[in-house]
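Student: I've got this model open and I keep running into labels I'd like to pin down. Can we go through a few of them?

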Amino acid sequence: MLLQLTNMRIYGRCCLKKCKNLVGICCFFWCFSLVHAEVHEFSLKNGLKILVKEDHRAPVVVSQVWYKVGSSYEYDGITGISHALEHMMFKGTKKHPAGEFSRIISANGGEENAFTGADYTAYFQTMEKSRLEISFKLEADRMRNLTIPEEEFSKEIKVVQEERRMRTEDNPRAYTREVAMATAYQTSPYRQPIVGWMADLQSMQVEDLQHWYKQWYAPNNATLVVAGDVNPEEVYKLAKKYFAPLKAEEISLPGRDVEVEQRGIKRVIVKRPAEVPQILMAYKIPVLRSALDESATIEEWEPYALEVLAGVLDGGGSARFASRLVRGKEIASGVGAGYPLTSRLDGLFTMSGTPAQGKSIADLEQAIREELLDLQNQLVSKEELERVKAQVVSSDVYERDSVFYQGMILGILETVGLSWRLVDEYVDKVQAVTAEQIQTVAQKYFIDDRLTVAILEPQSMQNNTRRANQGGQGHGR
């Protein structure tokens, strides 16, 4: 895969269920370049931004509301509050009691869901185009009129806690990644898990959510994205009808917390019940937003070179990791790479894998290091560059079928502080990357002073199995 956004881990009602168009959500920017048709931008006096992307191939419309708040906006003591609030957004307003939102959408033949990331929280509905007004009416109501009943919160926070147990604490790979993030980052808020630390979830109160909701859920901190079989002017009029009456809130966006300089490699051992070992290697790297800042100290092409480099390593069956480490040397049973091109803050270029039978974690780490050393010492071949760049174009064509993704790309870019207009530049920027530029970023960023290594050492599965038999199942939204 060309891109796997490691900082785009998401938690939410969907848990990716029922949403086949969300499969592979962590690499959605394969279709970064698909929005070639005109995007219409509007704004209301209360600060709400509206983006409309027409696609008239089917009588379907996707409506998405993106809020500029996620786990990277949180601080110690309230981690997980953005995700907990996302759950509570379905628990009712004065006009629509708990469950009514979902019932109305379903009764009108639609699907709805939500998710929380490090940099945003988003809510969406997919409906027949004539039902768009229903979506707007409901979203405008809960944007400023959520009730957050104590009894509903008491039940839902337990669901969130169980979600954390099932998706992180009982998942050795996810737990290892969480530990790796907390080890790699010292000052960046990306060290905090999106779902939150369990202690914070256990001490969370309704008053905390009420404050968080009032602080961030306002039209001037949101972007409304509509994609599908619509008329832009009609969408604007409809949005004005329902969202214009909402009052703006005084918003103080957090600064872009700068991660302290790392001096020396970091290593951490994670012992969890698991069947196989795993290694995760994470290098601190800049992202596109950093390169576009007025005070940028890096070249604008560097993030795109890192993007292409990820494709060289892990861009399908012909990429180096698959062809050399899995099939060639047979050192890994699986290994991948990911780069968060569009995160709000600087991120991590990650490589993770599991050694093949008869091979050790040390063998796999050495093999990965040799691949990185090869990138530093030798130019990528013309054939490899052409392959990766061809993937960008072919994925553009493939992903063009998804109206949901067309809206999602716009929402992500706007919410992390980039412009949706960057969509039109992506293919050209990738096509302009040279072998020399790939070598330069490999030499500059793949050094031990930027590296964190997390190793999962499997422990007996017996205790974990006993706990699972004793515990219940969560029903997380």
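Tutor: Sure. Keep in mind that this is a predicted model. Let's start with a handedness: the crossing of α12 and α16 is left-handed.

Student: Which residues make that contact?

Tutor: On the α12 side you have L375, Q376 and N377, and they meet Q439, A442 and Q443 of α16. By class, the contact of α12 with α16 has two nonpolar, four polar and no charged residues.

Student: Why is α12 called oblique to α16?

Tutor: Helix α12 (residues 361-377) and helix α16 (residues 435-445) pack at about 125°, with axes 7 Å apart. Roughly perpendicular covers 65 to 115, and roughly antiparallel needs over 145. An angle of about 125° fits neither of those, so α12 is oblique to α16.

Student: What makes α2 and α3 roughly antiparallel, then?

Tutor: Their axes cross at roughly 170° and come within 11 Å. The cut-off is over 145, so α2 and α3 count as roughly antiparallel. The contact pairs F101, I104 and I105 of α2 with I134, L138, E139 and R142 of α3. Those residues divide into five nonpolar, no polar and two charged.

Student: How do you know whether H96 is buried or exposed?

Tutor: H96 has a relative accessible area of 15%. Buried means under 20%, so H96 is buried. H96 sits in the loop between α1 (81-88) and α2 (100-107). Leaving aside neighbours within four places in sequence, H96 is in contact with I104, L138 and D141.

Student: What makes the pairing of the H96 and D141 side chains a polar contact?

Tutor: The distance is 2.9 Å. A polar contact needs N or O atoms within 3.5 Å, one able to donate a hydrogen and the other to accept it. The H96 and D141 side chains are listed as such a contact.

Student: What is there to say about phi of I148?

Tutor: Phi of I148 is near 50°, a positive value in a residue other than glycine. I148 lies in the loop between α3 and α4 (150-169). With a relative accessible area of 4%, set against the under 20% cut-off, I148 is buried.

Student: And why does E330 count as exposed?

Tutor: E330 has 51% relative accessibility, and exposed means over 50%, so E330 counts as exposed. E330 is in the loop between α11 and β9 (332-338), and its phi is positive too, near 55°. In helix α11 (residues 320-328), R320, F321, A322 and L325 are buried.

Definitions and conventions:
Residues numbered from 1 in each chain as written. Predicted model: local features only at pLDDT ≥ 70, side-chain atom pairs only at ≥ 80, totals over all residues. Heavy atoms only, no water. Axes fitted to C-alpha atoms, helices over the stretch in contact; angles between N-to-C directions. Helix = DSSP H or I, 4+ residues; strand = E, 2+ residues; numbered from the N terminus. Parallel < 35°, antiparallel > 145°, perpendicular 65-115°, else oblique. Left-handed = near helix turned anticlockwise from the far one by under 90°. Contact = heavy atoms within 4.5 Å. Nonpolar A, V, L, I, M, F, W, Y, C, P; charged D, E, K, R; others polar. Buried < 20%, exposed > 50% of the residue type's maximum accessible area, 1.4 Å probe, protein only.
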